[in-house]
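Visitor: I should like to learn how the packing of two helices is read from a model. Where does one begin?

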Amino acid sequence: MGYKIEEAAGFAIVHLEGDVDLSRSPTARQAILDCLQERQHVLVDLTAVTYIDSSGVASLVEGFQVSRRMSLDFALIGVSDAAMSVLQLARLDQVFPIFASLDARLAQADPKT
Amino acid sequence: MANHTTVESINPADLPIPPEGAFRIIRACNKESTDAHQLGRLLERDPVLTIEILRIANSAYFGFSGKITTVSRAIAVIGQRTLRHIVLCVAMRDALKPGQLPALSVETFWTNALRRAVCARALATHSGLDDDTGFTIGLLQDFGLLVLFYLNPNRIAEWPGLAELAPDDRYAMERQLFDSTHDQVGQQLAESWNLPQELSLAMGFHHRHPTHDIDDSKTQYCHLAQCADWMAAVFTSADKRHTLSNCQALLDKHFGIPRVETDQLLSQTNELLSEAAQAFGFDVGDQVSYDAVIQQANMRLLEENQNIQEMNWELENVLKERDRVAAELKQELDLAREVQRSLLPTDSTDQLSVFGLNLSAKAVSGDFYDFLRLHNGKVAFCIADVSGKGMHAALLMAKTSSLFHCLGKSLHDPAKLLTMINREIIETSIHGMFITIVAGVIDPETSDVVLSNAGHLPVIRMRHSQPVAEYPALSPPLGIMPETQFQNEKFNLKHDSLYLYTDGLLEAKITAQERQGKERLINIFGKYATKPPVERLQYIIANLRQHCEEMEDDMTLLLIEGTS
């Protein structure tokens with residue numbers, strides 16, 4: 001089953017959910033890359049993520065790398081505790097722009113600084 | 001006239017009718033009240049019909065050769081019932097004259113009909129049903145097809161193609177051509193002519209299954225008509241094998257007739273057909289013999305068997321090819337595994353203070369560790385985990401391990417080494433793959449350690465069985481951003497041990513819901529603290545294996561010992 005994607009305030013918001021592991025990460029990857037291919041700024045909502053493994057993180061990393069090459073915005077929003085602990089442990093919180101919510105992202109003029 | 005004919009759309013006035021005299025006699029025959037005397041008087045008014053009936057009644061086929069000279073004698077000898085059927089057959093034969101369907105070979109149609117009739121009669125005799133009723137049903141059951149062509153003359157070119165199809169295919173083709181089928185049209189016609197019910201029902205239900213309200217004796221005649229259709233088709237259809245095998249199956253199903261008896265019935269057909277044709281004034285010409293039918297069916301069977309044989313051969317070859325490719329792939333994997341093992345260091349000794357162990361969950365691993373003695377007497381070490389699994393992870397692991405081993409010899413600052421490796425990796429990184437790594441250097445003499453943790457799990461420092469410090473990642477993994485800054489941590493390890501591990505240890509499932517976790521892992525490290533280093537690694541891994549349900553991920557453990 002695919003993930004829900006909605007458009008708001010000029011962003012495509014990809015809502016990941018549940019366990020984003022080896023079996024689900026290809027779907028997450030495709031959803032994120034599809035949005036970027038359409039030249040959309042992307043926010044990945046991790047509110048409902050209960051577990052994320054290294055393949056799931058790799059999908060986020062790829063999204064992040066592609067967005068940089070295409071000069072598009074890419075950020076994580078509403079990161080759940082489970083996902084945040086994985087990101088912090090690997091110091092990926094230094095890599096991804098992370099916001100509490102869409103509103104928090106909109107309050108920021110330029111997320112890349 | 002419409003191109004397509006639904007039963008509802010047929011106007012009774014469009015239907016063919018038999019000659020007036022015959023039609024009057026049919027109507028009279030159908031009345032139970034008509035007695036032999038009345039029938040005789042009616043017949044005598046139509047001398048042409050009388051001659052015809054006497055000829056048929058006297059034919060060898062009906063078995064009264066030369067005995068019947070008058071209509072009243074005919075009625076007395078062959079009975080009113082048989083006479084009625086003969087009259088009906090003649091009337092139907094004459095209802096459509098060749099001139100009414102100029103492009104259609106009416107002779108061929110009636111030859112086929114007559115073949116069904118003799119088959120139905122023989123089968124009726126064999127099964128204890130009324131043979132004259134059987135004959136008439138056989139003769140009339142496909143009459144609807146003539147009517148369909150009569151109503152749709154523009155379709156007549158399709159006739160030769162239809163004639164050589166097996167009954168089931170012919171039925172499907174009719175539906176395509178006419179939007180209607182001969183059984184429905186035939187039944188309607190039979191009802192409009194007030195034919196006896198066993199005739200009209202058999203005309204209506206020799207392809208479709210007889211409905212439940214039809215009583216058993218009439219259902220038997222429906223089955224008789226169906227079987228006769230297939231028996232006749234054995235001689236006329238192009239695919240004799242399919243037709244013959246269906247025919248045998250049907251006779252067995254409806255009348256319990258074994259195959260050998262079906263063969264006997266079919267082998268008599270040609271002779272019976274010529275006799276009947278003579279009686280009805282047809283010339284059926286040369287017919288395919290039953291021996292030829294069997295021969296053609298057998299040839300077809302042989303061809304099919306050959307095709308099956310060929311398919312089996314092909315399948316066998318495909319399976320062989322699959323096995324060959326699988327064996328080749330396994331060989332390649334074994335080789336890849338061997339190459340990977342060769343990348344792991346083998347000269348672990350107390351002098352180096354560094355010990356490692358790796359267990360792969362799959363043929364190839366995304367984990368690795370390495371250590372090497374530097375020219376200044378220090379030892380460089382690392383442990384790393386590539387995101388993802390399988391061959392692509394193994395290849396990235398090989399690349400990273402080679403870079404560490406090669407650059408690590410001359411570059412002794414872990415943070416600078418990781419910066420170099422990161423730049424190399426990032427140039428070719430795909431699919432967001434990244435590597436968490438701890439790289440370090442220890443002086444075995446002084447136990448001074450410098451290490452840099454890039455996105456890897458925290459390094460645990462133990463004093464005997466107690467944890468005393470952790471060194472978590474200070475920077476993100478390799479392969480993500482070219483500008484990543486890596487940081488060193490410096491400390492002295494005297495009296496203590498460092499445990500570096502991959503997430504295969506931390507996330508090993510101990511029950512369906514519960515994973516190992518850091519605390520339990522530290523307890524296991526502590527449990528074997530007094531064992532010598534190489535043995536300690538084996539005990540730890542054995543303990544983990546013993547308690548984890550299934551090994552899902554690679555397990556790699558590196559132990560750095562400070563001087564005591």
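Guide: One begins with the axes: these are lines fitted to C-alpha atoms, for helices over the stretch in contact, and angles run from 0 to 180 degrees between N-to-C directions. Two packed helices are then described by the angle between their axes and the distance between the axes. The model shown here is a predicted one. In chain B, the axes of α5 (residues 106-127) and α6 (residues 131-140) come within 7 Å and cross at roughly 155 degrees.

Visitor: Are α5(B) and α6(B) roughly parallel or roughly antiparallel to each other?

Guide: Angles over 145 degrees count as roughly antiparallel, and α5(B) and α6(B) are therefore roughly antiparallel. The crossing of α5(B) past α6(B) is right-handed.

Visitor: Which residues make the contact?

Guide: On α5(B) they include A113(B), L114(B) and A117(B), and on α6(B) they include F135(B), I137(B) and L139(B). The residues of this contact comprise ten nonpolar, four polar and three charged.

Visitor: How should the sheet of chain A be read?

Guide: Strand order and pairing are the points to read. In chain A, five strands form an open sheet in the order β1-β2-β3-β4-β5, and the pairing is mixed. Strands β1 (4-8) and β5 (98-99) of chain A stand at the edges with a single partner strand each, so one side of each lacks a neighbour in the sheet. Helix α1 (residues 25-37) of chain A packs on the sheet, where α1 touches β1, β2 (11-20) and β3 of chain A. The direction of α1 makes about 175 degrees with that of β2(A).

Visitor: How many bridges join β3 to β4 in chain A?

Guide: Four bridges join these strands, β3 (residues 41-52) and β4 (residues 74-77) of chain A, which run parallel. L43(A) has A75(A) in β4(A) as its bridge partner.

Definitions and conventions:
Residues numbered from 1 in each chain as written. Chains lettered and ligands numbered in written order. Predicted model: local features only at pLDDT ≥ 70, side-chain atom pairs only at ≥ 80, totals over all residues. Pairing = 2+ DSSP bridges. Helix = DSSP H or I, 4+ residues; strand = E, 2+ residues; numbered from the N terminus. Contact = placed C-beta atoms within 7 Å. Parallel < 35°, antiparallel > 145°, perpendicular 65-115°, else oblique. Left-handed = near helix turned anticlockwise from the far one by under 90°. Nonpolar A, V, L, I, M, F, W, Y, C, P; charged D, E, K, R; others polar.
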